[in-house]
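Open the model in your viewer and keep the sequence panel beside it. This tour moves from strands to pockets to single residues.

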Amino acid sequence: MTTRLADIAAQAGVSEATVSRVLNGKPGVAATTRQSVLAALDVLGYERPVRLRQRSAGLVGLITPELENPIFPALAQVIGQALTRQGYTPVLATQTPGGSTEDELTEMLVDRGVAGIIYVSGLHADTTADMQRYEQLRAQGVPFVLVDGFSPKVQAPFISPDDRAAMALAVTHLVSLGHTRIGLALGPKRFVPVQRKIEGFVRTMQEQLGLSAETIETDLVQHSLYTLEGGQAAATALIDRDCTAVVCASDMMALGAIRAARQRGLDVPRDISVVGFDDSPLIAFTDPPLTTIRKPVPAMGQAAVRTLLEEIGGTPAPHSEFVFMPELVVRGSTASAPGDRSRP
């Protein structure tokens, strides 16, 4: 026990006597000092005494797509930490191909008496889906927040990145490097974020290169799947159309685009530039390090939790969409267009 007290005291930067007072629930310890001691317990892997364990304010469901795309676990981590800090217990429910559907996961969470649900890239982003399911959930009195996607048919708060602005950032960057044949690789057209990316891409290409909307959508936009293989297939088609740069709707697709270029014997970025979307964990360490549009994950995750807790607390946010600005992160996968090497 003495050794354990010494370890905790050293980790928290306090005396062993102070640690003892906290562990025994004695008064006379500042709140910040108490938190430092509890944090030290957690870091060192010691179990908190029963009397010090925070009672859960309730369960909150988090429904995400598969976790193979690293942006989803990153967002889940932000949301989970924010919920825990507010005393709630997050319950992560993941959709997998052939597994439980969003409706089945929702039913499971409601049966377990969750205080609310956060949906990430769910059916609310699919323009062909029946939005009645969300109205039924609202009728059951379950608060919810929807991340990545928007529907005017659903009375709920939405949290989104500015997909149109993201494409403007990517295209402007590539045009500044001398590229004029810029392709866009993204997922199926029925999804709201895909439609918004196309709008931003087409508008910026029109403004900066003077191309017609029809030419852009016909020749320079390629739909595929949000996977490495999907990015590879889309990029292959765009390379066949003489694109010298490809903007991808996810980092996973961008890695596929780099693979497609290498299969053609092309060097990235000397022969073709590639831009991703998300700035997923570890993407700065790929070969080459990926230029990408950083999705504001911490801000979006914290806003989703804050908005949901307001809903749970009885002061619901208006039916509106909170839109967060993305950021261009320039790394090693973009360079001057071939034949335009005078540019930096």
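Two strands pair if DSSP finds at least two bridges between them. Helices (H or I, at least four residues) and strands (E, at least two) are DSSP runs, numbered from the N terminus. This is a predicted model: local features need pLDDT of at least 70, side-chain atom pairs count only at pLDDT 80 or more, and totals for chains, interfaces and linings use all residues. Residues are numbered from 1 along each chain as its sequence is written, and side-chain values use heavy atoms, with hydrogens and water left out.

**Stop 1: strands β9, β10 and β12**

Select β9 (273-278) and β10 (residues 291-294). They pair in the parallel sense, over four bridges. Pick D278 and look across: R294 in β10 stands opposite. Now add β12 (residues 327-329), which runs antiparallel to β10 and is joined to β10 by three bridges. R294 appears again here, opposite E327 in β12.

**Stop 2: the loop between β9 and β10**

Stay with the loop between β9 and β10 and select L282. Phi of L282 is near 75°, a positive value in a residue other than glycine. L282 counts as exposed because its relative accessible area is 66%; exposed means over 50%, buried under 20%, and partly exposed in between (1.4 Å probe, protein chains only). Move on to P288 in this loop between β9 and β10. The peptide bond from D287 to P288 is cis, with omega near -5°. Most residues other than glycine have a negative phi, and most peptide bonds are trans.

Next, go to the loop between α11 (251-263) and β9, and select P269. A cis peptide bond joins V268 and P269, with omega about 15°.

**Stop 3: helix α7**

Which residues does L169 touch, not counting those up to four places away in sequence? Select L169 in helix α7 (residues 163-176). Its contacts beyond that range are I293, P326, E327 and L328. Contact means heavy atoms within 4.5 Å. L169 is partly exposed, at 27% relative accessible area. For a distance check, pick G113: its C-alpha is 43 Å from that of L169, with their positions 56 residues apart along the chain.

**Stop 4: helix α8**

Select T204 in α8 (residues 192-209). Is T204 buried or exposed? T204 counts as buried, because its relative accessibility is 5%. Leaving aside neighbours within four places in sequence, T204 is in contact with A168, V171, T172 and L209.

**Stop 5: the largest pocket**

Show the surface and find the largest pocket, with about 860 Å³ of space. P65, F72, S121, F191 and Y226 are the closest to its centre of the 31 residues that line this pocket. On a 1 Å grid over the protein atoms alone, a pocket is an open set of points with protein on both sides within 12 Å along at least five of seven lines, where a cavity is a set of points in which a 1.4 Å probe fits but cannot get out; lining residues have an atom within 4 Å of a point. Grid points are joined across faces, edges and corners, and a volume is the space filled by probe spheres set on the points.

Colour the lining by element. α4 (71-85), α8 and β9 each supply at least two residues. α8 gives the most, with three. Then colour by class: 15 nonpolar, seven polar and nine charged residues. Ala, Val, Leu, Ile, Met, Phe, Trp, Tyr, Cys and Pro count as nonpolar, Asp, Glu, Lys and Arg as charged, and the others, Gly among them, as polar.

**Stop 6: the second largest pocket**

The second largest pocket has a volume of about 200 Å³. Select its lining, including E102, D103, Y119, R133 and Q140. α5 (102-111) and α6 (132-139) each supply at least two of the lining residues. The largest share, five residues, comes from α5. By class, this lining has four nonpolar, three polar and four charged residues.

**Stop 7: β1, α4 and β2**

Select β1 (residues 59-64) and β2 (residues 89-94), a parallel pair with six bridges. G61 stands opposite V91 in β2. Add α4: β1, α4 and β2 make a right-handed β-α-β unit. Right-handed means that, with the strands pointing away from the viewer, the path from the first strand over the helix to the second runs clockwise.

**Last stop: D148**

Select D148, in the loop between β4 (144-147) and β5 (158-161). D148 has a positive phi of about 65° although it is not a glycine. D148 is buried, at 6% relative accessible area.
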